[in-house]
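Take a moment to turn the model around on your screen before reading on. We'll walk through it step by step.

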Amino acid sequence: MRQKLIVIGAGMATGRMLEALVEAEADYDITLINGEPRGNYNRIMLSPVLSGEKAYAEIVTHDDEWYKLYKIKTRFGCFVQNIDREKRTVTTDAGEVLPYDKLVFGTGSNPFVIPLPGHDLAGVIAYRDLEDTQRMMDLGPAHKCVVIGGGLLGLEAAAGMAARGVDVTVVHIMGHLMERQLDEAAGYLLRRALVDKGIAVKCTANSKEILGENGRVKALLLDDGTELPCDLLVMAVGIRPNVKLAQDSGLAVGKGIHVDDQMITSDADVLAVGECVEHDGAIFGLVAPLYDQAKVAAQTLMGQQAQFVQKEISTKLKVTGCDLFSAGDFADGEGREDIVFRDPGRGVYRRLVIADNIVKGAVMYGDTADSNWFFGLIRDKTDISDMRDTLIFGPAYQGGTPLDPLAAVAALPRDAEICGCNGICKGQIEEAIAAGATDLGAVRLTTKASGSCGTCTGLVEQVLAVTLGDEFVMPAAAVICGCTDMTHEDVRRMIKSQRLMSMPAVWQECGWKTSCGCHVCRPALNFYLLADWPLEYQDDPQSRFINERKHANIQKDGTFSVVPRMWGGITTPDELRAIADAADKYAVPTVKVTGGQRIDLLGVKGEDLPDIWADLNAAGMVSGHAYSKGLRTVKTCVGTDHCRFGTQDSTGLGIKLEKELWGSWTPHKLKLGVSGCPRNCAEATCKDIGVICVDSGYQVSIGGAAGMDVRETELMVQVATEDEAIDVIKAVTQLYRENAKYLDRIYKWMGKVGLDWIKERVETEGPALVERFELSQSIYRKDPWADHVQTKADRYRPLANLSLEAAE
Amino acid sequence: MSDWIDIAPLENVPQRGARMIKTAFGCIAVFRTAEDEVFALENACPHKAGPLAEGIVHGKSVTCPLHNWVISLETGEAQGADEGRVATYPARVENGSILLDRAFLKARTKGGVAA
């Protein structure tokens, strides 16, 4: 008598297993039970169905004819009520009792639903089966949809709906999309491609609540208060193996249903395949290993020897126009090296992770033609030591020349602005070169490009080099660091003209040679990005020097110094008492008066910082930014309040200036001074910006220094009122922020661009500069101490204390 | 035989960052790279004992906050023209937790600590 086989679940794995069984004419009487009211279809092709590239009929793998042909009995739209493993029977929800000799679980997985308030509203769905797909397809153009989850499934859902004209926003909790498969750089390129398709992408976004109206979803509320209106909300945040039935039947279950190498569960007559299983600690969500399992299960059922072995897997995103590939392991582990290749012009990014001369992982974006070759290297553990130098270029590469440092500029479109001062685009420079301007001077003369502030000189030279080839000899320029062939000025122009708003964007578009920069370029890029895109760019503390990361000055023994702000150098008895109390409480070894008219508490332990700040905050004091490349102090004399020579209220102006400017980040430190008369007791003429009060108003001068170089300021402008003085100072500060090289103080920057250029810009663009300064200050004019006390005090304490832990 | 001590959840150390661990024989710096690898090193630069946990982490290196020596997180060796080495200790991540081998405590009591 033929043995009876019952299969629970018509998914991709069981479908493949059934094919293998009928092909080999296995001696089984088969019954297939499925909860969905249909048979096996190609679930991974739901995305093309959603986007309209395929019809449902095209993705059906087995139709009714097929089941009939192979005499497979079907129970579709039917659920298993319980399993009696002793009697070896399955009872369905229709009350039917079916005996079996062998049973196969293919119960798949359930979408994970975040238990946010409102998750049970109508219009909140997962993306799992044809019903979900149909609801997305039914939404119709001009409706709004929010997708929670920026992984494979979420992005396919988003792209599919966007292709149907739906207004889609993707909300992702992590910093970049598909973080499990992609690194930051590839995540950036993917995001850019999706944004180009009209999909809004919000990363580092925490969902708080799903808002509804009359029982239907209305919007998603993020924990930063943003409300994203939507008619449909798709949760695509992951899947969990569906083990309930197996658990209820008493099978061994962990994350999934435990199976051995033959796909047999803890019961010798029961097998399991697909997303519901756990094999050797791993669970499976991609199709390749599921097919392997299906084959092994079929062979086991037929009494043949077979063994399931976990293999490397690769991922490709099924979104038209987003060509990306990820395989193997590109994280974790010691002794690994990176090979990175970027071609900004074509939007190509490739990264290989190598250990012991073997490729461990690969991430590719933009051009994945060679992905199978790389995947082969990973899978076969090929020794690549002989081809290491040229490996990254792929299999077709033979010998060849080194990477072209001019690639980034060569890739710029003709309408890319090169010279911001004079509005000159790359095309105009190329035309000038074609008309005979073959050196920098000639280009400058005919187009004015690089003729004003001069910061784009490097880019103009590169356009010359790209256009003229060997006929042009590039002058040696100081590049930022070993990570790039570009200068600070080049990169700043690229950030502005190409609207680069994140570090991975800069690394990619400017052809960075390392995966994540270094201690030289990262602080500079962090400043450039936050100065140019205050709203769009999020400050990255990990790219800041320790003093700016921990808002205190590190000392040679690893302790810190703490300097509270004293506005304009004015303090009160209460503030002094609070400082004295703090010095006692935290056993501060040295208390010193600074040159900037403040009090420095030296020798504070790193872990005490949040506590001492909280105490100083409680007395009304905030960070003095004595550690920052930003506004430090505004030094003042006593002015008309007390001094018999004072001409204006210099103390009052100093306090006002400090209250307007504090918290702002600048290329280097920024010190101000306000003296009440030309006797200059506040030493304003050796500050970065100095104000000398005179009877008729205020002389604002810039470019002083009293450090390694000693410089006297030069007069920029004289104005009649305090308000004008404040505006002029804001304008010149913003001009400095937008144009200077990182770590150039004003006098160095002035030496490059000239005082006349600065005067002209402040005069003609003053109000716009002030407005941009104020926009930036709306983010940065706040006390970092209070913020850190509230949000990250833990980070200052030891990660663990093992002082009492025994060695054995 | 390895005996791994569960130190803390991985997320308690920022990416491209570090935190410090106190032991009876001085401090250890635990680093987390952009790729979520973890490394444990003596928290003292071979140059002037600068606290490496406060440095900028890039690739698999850290730059000392005092005088910009670049130290390899994998070998503890100073990079470039500088010469010196700090002790490294086995560290790994499992189920989202940072684990250190208890042997490192033993190594330190035997005088494995950099002066």
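What volume does the largest cavity have? Keep that one in mind while we get our bearings, and remember that what you're looking at is a predicted model.

Let's start with the whole chain. Chain A has 808 residues, and 54% of them are buried. If you follow the C-alpha trace along its principal axes, it spans about 115 × 70 × 60 Å. The chain's secondary structure adds up to 26 helices and 39 strands. On the outside, chain A shows an accessible surface of about 34,700 Å², and carbon and sulfur atoms account for 49% of it. How do the contacts inside the chain relate to the sequence? Take the contacts between residues at least 6 apart in sequence: 62% of these join residues at least 24 apart.

Next, the domains. The domain assignment splits chain A into domain 1 (3–109 + 241–301), domain 2 (124–237), domain 3 (323–393), domain 4 (407–535), domain 5 (547–623) and domain 6 (631–782). Notice that domain 1 is written as two stretches of sequence, 3–109 and 241–301. Domain 1 and domain 2 of chain A have C-alpha centres that lie 31 Å apart. Their contact takes 15 residues from domain 1 and 15 residues from domain 2.

Now back to the opening question. The largest cavity has a volume of about 60 Å³, and the structure holds one cavity of 30 Å³ or more. Rolling a probe the size of a water molecule over the atoms shows where empty space is left. So who lines this cavity? The residues are A:Pro523, A:Asn526, A:Phe527, A:Leu530, A:Arg544, A:Glu548, A:Lys629, A:Trp665, A:Thr666 and A:Tyr742. Helix H17 (residues 521–532) of chain A gives the largest share of that lining, with four residues. By class, you'll find five nonpolar, two polar and three charged residues around the cavity. And where does it sit? Domain 4 (407–535) and domain 6 (631–782) of chain A both give residues to the lining, so the cavity lies between them.

Domain 4 turns up again when we move from cavities to pockets. The second largest pocket has a volume of about 920 Å³. It is lined by 42 residues, and the closest to its centre are A:Val340, A:Trp512, A:Lys513, A:Thr514 and A:Ser515. Domain 3 (323–393) and domain 4 (407–535) of chain A each supply at least three residues of this lining. Which element gives the most? That's strand S23 of chain A, with seven residues; you can find S23 at residues 337–343. Helix H11 (407–410) also supplies at least two residues. Sorted by class, the pocket lining has 18 nonpolar, ten polar and 14 charged residues.

Time to zoom in on a single residue. Find A:Leu228, which is in strand S15 (residues 227–229) of chain A. Is A:Leu228 buried or exposed? Its relative accessibility is 11%, and buried means under 20%, so A:Leu228 counts as buried. Leaving out residues up to four places away in sequence, A:Leu228 touches A:Val146, A:Thr169, A:Val171, A:Lys202, A:Ala219, A:Leu220 and A:Leu222. For a sense of scale, look across to A:Val363: the two residues are 135 residues apart in sequence and 32 Å apart in space, C-alpha to C-alpha.

Finally, let's look at some backbone angles. A:Ala142 is not a glycine, yet it has a positive phi of about 70 degrees. You'll find A:Ala142 in the loop between helix H5 (130–137) and strand S10 (144–148), and it is exposed, with a relative accessible area of 71%. A:Asp356 isn't a glycine either, and its phi is positive too, at about 50 degrees. This residue is in the loop between strand S24 (348–355) and strand S25 (358–365). With a relative accessible area of 69%, A:Asp356 is exposed.

One more positive phi, near 50 degrees, belongs to A:Lys381, which follows helix H10 of chain A. Within H10 (residues 371–380), the buried residues are A:Ser371, A:Phe374, A:Phe375, A:Gly376, A:Leu377 and A:Ile378. To picture how a helix turns, remember that an α-helix has 3.6 residues a turn, so residues three or four places apart point the same way.

How values were computed
Residues numbered from 1 in each chain as written. Chains lettered and ligands numbered in written order. Predicted model: local features only at pLDDT ≥ 70, side-chain atom pairs only at ≥ 80, totals over all residues. Heavy atoms only, no water. 1 Å grid on protein atoms, 1.4 Å probe; cavity = no way out; pocket = protein on both sides within 12 Å on 5 of 7 lines; lining within 4 Å. Points joined across faces, edges and corners; volume = space filled by probe spheres on them. Nonpolar A, V, L, I, M, F, W, Y, C, P; charged D, E, K, R; others polar. Domains from an automatic or database assignment. Buried < 20%, exposed > 50% of the residue type's maximum accessible area, 1.4 Å probe, protein only. Contact = heavy atoms within 4.5 Å. Areas by Shrake-Rupley, 256 points an atom, 1.4 Å probe, with all protein chains shown as cover.
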